[in-house]
Amino acid sequence: LDMDGVLIDTEPVWRAAQSAVFAGFGVALSEGDLLDSTGQPIEELIPVWRRRSATIELTDDEIADRIIDQVIAYVKARGQPMPGVTAAIALFERCELRLAIASSSPLRLIDAVCDRLGLTRITVRCSAMDEARGKPAPDVYLTAARRLGVAAANCLALEDSPAGVASARSAG
């Protein structure tokens, strides 16, 4: 399962957090910038956007932490499952399907979402941030399949972004 946009509607929150953090550095991100980057790991986006300002003194990791902290604060305060998620997860569990999350989000956000939504039984949680390549590369889906003990070809991926669909397809 992808997470952002599939399990929880955090994609608008990611866009707002990125926009707010970069606006603090005098960098205006357009709605097109933000929409075109949906599903891509934040650590790949920060270097691109920081080039728009010569005055950012924070490291890429510090910028990412500021953005992620804002998204986690939202999840903890107001995060809700996407429509149908609770019923779908219950169905998957009744069918004894093994579930994994394969997300571009950092593991600490994945954990916050699982805690908030009561998805604590999903113990295979994979972040593309822990991979050599993020989505659209297949790495995070291959890791999820391996940790589930299932061939990637026997998995079903639920995705909502072009980068995520490309990642799942590339994984087989």
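**A tour from I67 outward**

Select I67 first. Leaving aside neighbours within four places in sequence, I67 is in contact with W14, A17, Q18, V21, F22, I42 and I46. The model on screen is a predicted one.

Apart from I67's core, another core of 11 residues can be selected; A100, A144, A168 and A171 are among its members.

Return to the largest nonpolar core, which has 39 residues. Colour M3, F22, F25, I63, I67, I89 and L109, the members that touch the most others in this core. Next, show the helices α1 (11-23), α3 (42-50), α4 (60-78), α5 (85-94) and α6 (107-117); each of them supplies at least two residues of the core. The largest share, 7 residues, comes from α4.

Now isolate α3 and select I42, L45, I46, W49 and R50, its buried residues. Look down the axis: these residues lie on the same side of α3, because they cover an arc of only 120 degrees around it. Bring back α1, α2 (31-36) and α4 to see what the buried residues of α3 pack against.

Last stop: the cysteines. How many disulfides are there? The count comes to 0. Select C95 and C155: the sulfur of C155 is the closest cysteine sulfur to that of C95, but at 16 Å it is too far for a bond. C95 counts as partly exposed, because its relative accessibility is 48%. Then select C114, which is in no disulfide; the nearest cysteine sulfur, that of C126, is 11 Å away. C114 counts as buried, because its relative accessibility is 0%.

Terms used:
Residues are numbered from 1 along each chain as its sequence is written. This is a predicted model: local features need pLDDT of at least 70, side-chain atom pairs count only at pLDDT 80 or more; totals for chains, interfaces and linings use all residues. Side-chain values use heavy atoms; hydrogens and water are left out. A nonpolar core is a set of buried Ala, Val, Leu, Ile, Met, Phe, Trp, Tyr and Cys residues joined through side-chain atoms within 4.5 Å. Buried means under 20% relative accessible area, exposed over 50%, partly exposed in between (1.4 Å probe, protein chains only). Helices (H or I, at least four residues) and strands (E, at least two) are DSSP runs, numbered from the N terminus. Contact means heavy atoms within 4.5 Å. The arc is that of the directions from the helix axis to the C-beta atoms. A disulfide is a pair of cysteine sulfur atoms within 2.5 Å.
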